[in-house]
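Q: Could you take a close look at one buried position in this protein, setting it in the context of the whole fold before turning to its surroundings?

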Amino acid sequence: MPKSLLVTGGAGFIGANFVHYWLGQYPEDKVVVLDALTYAGNIANLDPVKDNRNFSFVHGNICDQDLAEKLLREHDADTIVHFAAESHVDRSITGPDAFIETNIIGTHSLLKAAKKLWIDEGLKPEHRFHHVSTDEVYGTLEADDPAFNESTPYAPNSPYSASKAASDHLVRAYLHTYGLQVSTSNCSNNYGPYHFPEKLIPLVITNILFNKALPIYGDGKQIRDWLYVEDHARGIELVINKGIVGECYNIGGINEWTNIDIVQLVCKLMNDTFAEDSELAKRFPEAQAAISGDAASLITYVKDRPGHDRRYAIDPTKAEGELGYVPAESFETGIKKTLQWYLDNEEWWSKVMDGSYQDWVESQYG
Ligand code: NAD
Ligand code: TYD
């Protein structure tokens, strides 16, 4: 039976990759994306599906409960996949209000809309509200601590992770109190195409192309557990299709790296790519360090992020055992694909970075 999905935040990094993946896997399903097109949302991320007759896009805010109800009704939706969020830790430190508004109030507004239609009006006895969350809700690990599992107590440390933790608790409460059929996935750091260039990996790639400093916070020994974005989409697919209502699943690929090692790796791959392809030096003449085979000379240690979590690591045993979750992409292939995507999609990131995309959004949507 085809599903009808309301995907929030589908013009962002992970949401867009999820929509491409889902419509590729389930061409008969309907997908409507609800996205506010904040600085992080980009309608061009949905270009690969824009002509699909089962896809539609609505520009709007998840805090608008009436709009969410209207969309659920009009599209006869039985599934919500909730990605929309403010997602950048550094921004949550300098401006936490937007995180409270979207991540907590916005999630609650969507929960209320889903409850009203699916439970109170009884429109969809079988439904699913899937909430996309993060491993950051568990706080930080010491070097020899076991990885986060689904029983690890919540201990969020940044306004971002605290707002995500609050939303996770609201989702749980809507199952226990009202019987809303929910599930939650908590994933580790993603990387891949369409990643906004304020986050570590795309920032390093694009800065190398402009010969700009590669800022390493603190000592650079913080550890993150990286997963290719399509493997996150596969994990969410499994939770929606096979996951037990009310359960949470940790998704990750057992791939821990220190920040400095990741940056060194990207530098090496950029050096190699420039050495192999002489056209690149012509296309990116500013990339002098990479052209001379020494992108790592751009590495610059800077002041640490306040409250910087030392280590994240996901234990995916439950998703592996109960859902058969196995990531498809190795880190070696995934990072090379990602780098190549940024080299091939200069138009995408240059528009996103120089503000001309936001000007276009203003002109189209006000
Ligand atoms: P992103 O910042 O790239 O995209 C967020 C999207 O949400 C954007 O399209 C934005 O326009 C939209 N949005 C923001 N506020 C909105 C609002 N009020 N109403 C409607 N739309 C709004 O984020 P991402 O990296 O794609 O993350 C997606 C989800 O996955 C988030 O919930 C995040 O917490 C979670 N997550 C991210 C990672 C990661 O590594 N990026 C890891 C685990 C979990
Ligand atoms: P980020 O991509 O912002 O993801 P998160 O904070 O959600 O893990 O950052 C990944 C790691 O890289 C994190 O430990 C902070 C660090 N970092 C830097 O050292 N320099 C940078 O310029 C950025 C953006 C991040």
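A: A residue is called buried here when its relative accessible area is under 20%, exposed when that value is over 50%, and partly exposed in between. The model is a predicted one, and by that criterion 53% of the 366 residues of the protein count as buried.

The overall fold gives the setting. The secondary structure of the protein comes to 14 helices and 12 strands. Its radius of gyration is 20 Å, close to the 21 Å that the globule rule gives for 366 residues, so the protein is as compact as a globular protein of that length. The C-alpha trace spans about 65 × 50 × 40 Å along its principal axes, and, among the contacts in the protein with a separation of 6 or more, 82% are made by residues 24 or more positions apart. On the outside, the protein exposes about 15,400 Å², of which carbon and sulfur atoms supply 51%. Its charged side chains number 31 positive and 53 negative, with the centres of the two sets lying 2 Å apart.

The position chosen for the close look is threonine 107, which has its place in helix α4, residues 97-120. With a relative accessibility of 1%, and with burial set at under 20%, threonine 107 counts as buried. Once its neighbours within four places in sequence are left aside, threonine 107 is in contact with Ile62, His82, Thr102, His131, Ser167 and Val171. One of these partners, valine 171, is 64 residues away along the chain, yet the C-alpha atoms of threonine 107 and valine 171 are separated by 8.1 Å.

A second buried position, this one in a loop, can be set beside it. Glutamine 181 is found in the loop between α5 (159-178) and β6 (182-187), and because its relative accessibility is 18%, glutamine 181 counts as buried under the 20% cut-off. Leaving aside its neighbours within four places in sequence, glutamine 181 is in contact with Pro125, Glu126, His127, Arg128, Phe129 and Val245.

Burial can also be followed along a whole helix, as in α8, where the buried residues include Ile260, Ile262, Val263, Val266, Leu269, Met270 and Phe274, together with Asn259, Cys267, Asn271 and Thr273. At 1.5 Å a residue, the 18 residues of helix α8 (residues 259-276) should span 26 Å, and this agrees with the 26 Å that separates its end C-alpha atoms.

How values were computed. Residues are numbered from 1 along each chain as its sequence is written. Chains are lettered from A and ligands numbered from 1 in the order in which they are written. This is a predicted model: local features need pLDDT of at least 70, side-chain atom pairs count only at pLDDT 80 or more; totals for chains, interfaces and linings use all residues. Side-chain values use heavy atoms; hydrogens and water are left out. Helices (H or I, at least four residues) and strands (E, at least two) are DSSP runs, numbered from the N terminus. The radius of gyration is taken over C-alpha atoms; the globule rule is 2.2 Å times the number of residues to the power 0.38. Buried means under 20% relative accessible area, exposed over 50%, partly exposed in between (1.4 Å probe, protein chains only). Contact means heavy atoms within 4.5 Å. Accessible areas come from the Shrake-Rupley method with a 1.4 Å probe; for residues, only the protein chains shown count as cover. Lys and Arg count as positive and Asp and Glu as negative; His and the chain ends are not counted. The place of a charge is taken as NZ of Lys, CZ of Arg, CG of Asp or CD of Glu. The expected span of a helix is 1.5 Å times one less than its number of residues.
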